[in-house]
Amino acid sequence: MKNLAKIMLVDDSEEFLFIYSEILKGEGFEVSVSQNGSKALEIMDSVNPDLLISDLQMPNMNGWEFIRAVKSKQVYRSLPIIVSSSELDVEESSRALGANAYCNKDAAFTTFVRLVNDVLAQSVAGPLPEQG
């Protein structure tokens, strides 16, 4: 079954881009990839992604700078973003920057796919109510 959501993966690891794009394509997503933030910014308008998944440590333009640049554009202010990184202790700071979620690169593929689906569902339905 084809999922119509378009996902952009931004990471300097060719291995990560290959593996995760194949996983997402297998789930029916349309996937675009870029190896750094500056290249991703160049193609974003033509890709028009529904979700952005970005690493933080990349050459030329790191993930922090890339997310800041994306969120500075009116058209992308509500674009959901998942930070995928092997860095520890960045979830809070990446959310403060505008990311919707964080996924450690060591997470199981099923966890990653579930997070992607959850973030996409929230972006369509709006934020989930606080549990309390």
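**Loop asparagines, an aromatic cluster and an enclosed helix**

Asn-48 is partly exposed, with 43% of relative accessible area. In this predicted model, Asn-48 belongs to the loop that joins helix 2 and strand 3. Its phi angle is near 50°, a positive value in a residue that is not glycine. A second asparagine shows a positive phi as well: for Asn-60, the angle is near 70°. Asn-60 sits in the loop between strand 3 and helix 3, and at 68% relative accessible area Asn-60 is exposed.

The loop that holds Asn-60 also holds Met-61, between strand 3 (51-54) and helix 3 (63-72). With a relative accessible area of 17%, Met-61 counts as buried, because the limit for that class is under 20%. Setting aside neighbours within four places in sequence, Met-61 makes contact with Gly-37, Ser-38, Leu-41 and Phe-66. The C-alpha atom of Met-61 is separated by 8.8 Å from that of Lys-39, a residue 22 positions away along the chain.

Helix 3 follows this loop. Of its 10 residues, seven are buried, so helix 3 is largely enclosed by the rest of the structure. The buried residues are Gly-63, Trp-64, Phe-66, Ile-67, Ala-69, Val-70 and Lys-71. Which elements provide the cover for these residues? Among them are strand 1 (6-10), helix 2 (37-47), strand 3, strand 4 (81-85) and helix 4 (91-97). Phe-66, one of the buried residues of helix 3, is also one of the contacts of Met-61.

It is worth stepping back to the chain as a whole. Its secondary structure consists of five helices and five strands, and from the N terminus on these elements run β-α-β-α-β-α-β-α-β-α. The radius of gyration is 14 Å, close to the 14 Å that the globule rule gives for 132 residues, so the chain is as compact as a globular protein of that length. Along the principal axes, the C-alpha atoms fill a box of roughly 40 × 35 × 30 Å. Buried residues account for 45% of the 132 residues. Of the contacts with a separation of 6 or more, 60% involve residues 24 or more positions apart. The accessible surface amounts to about 7400 Å², and carbon and sulfur atoms contribute 50% of this area.

The aromatic side chains offer a closer look at the packing. How many aromatic pairs does a search of the whole structure find? The search finds three. One of them joins Phe-16 and Tyr-20 in a stacked arrangement, with 4.2 Å from centre to centre and 25° between the planes. Phe-16 and Tyr-20 are four residues apart in helix 1 (residues 14-26), and therefore about one helical turn separates them. An α-helix has 3.6 residues a turn, so residues three or four places apart point the same way. Both partners are buried: Phe-16 has a relative accessibility of 7%, and Tyr-20 has a relative accessible area of 6%.

Tyr-20 also pairs with Phe-109, this time edge-to-face, at 5.6 Å centre to centre and with 80° between the planes. Because Tyr-20 lies in helix 1 and Phe-109 in helix 5 (residues 109-125), this pair ties together parts that are 89 residues apart in sequence. Phe-109 is partly exposed, with a relative accessible area of 44%, whereas Tyr-20 is buried. Ring pairs link Phe-16, Tyr-20, Phe-109 and Phe-112 into a cluster. A charged side chain joins the picture at Phe-16: Lys-105 lies over the face of this ring, at 4.8 Å from its centre.

Helix 1 also contains Ser-21, which is buried at 6% relative accessibility. Not counting residues up to four places away in sequence, Ser-21 touches Leu-9, Phe-16, Val-31 and Val-33. Phe-16 thus appears both among the contacts of Ser-21 and in the aromatic cluster.

A word on confidence completes the description. The mean pLDDT of the chain is 87, and 91% of the residues reach 70 or more. Over residues 127-132, pLDDT stays under 50, and the model has two contacts beyond four places in sequence for this stretch. Where pLDDT is low, the predicted coordinates should not be read in detail.

Note on methods. Residues numbered from 1 in each chain as written. Heavy atoms only, no water. Phe/Tyr/Trp six-rings, centres within 6.5 Å; stacked < 30°, edge-to-face > 60°. Helix = DSSP H or I, 4+ residues; strand = E, 2+ residues; numbered from the N terminus. Buried < 20%, exposed > 50% of the residue type's maximum accessible area, 1.4 Å probe, protein only. Lys NZ or Arg CZ within 6 Å of the ring centre and 35° of its normal. Rg over C-alpha atoms; globule rule 2.2 N^0.38 Å. Contact = heavy atoms within 4.5 Å. Areas by Shrake-Rupley, 256 points an atom, 1.4 Å probe, with all protein chains shown as cover. pLDDT = per-residue confidence, 0-100.
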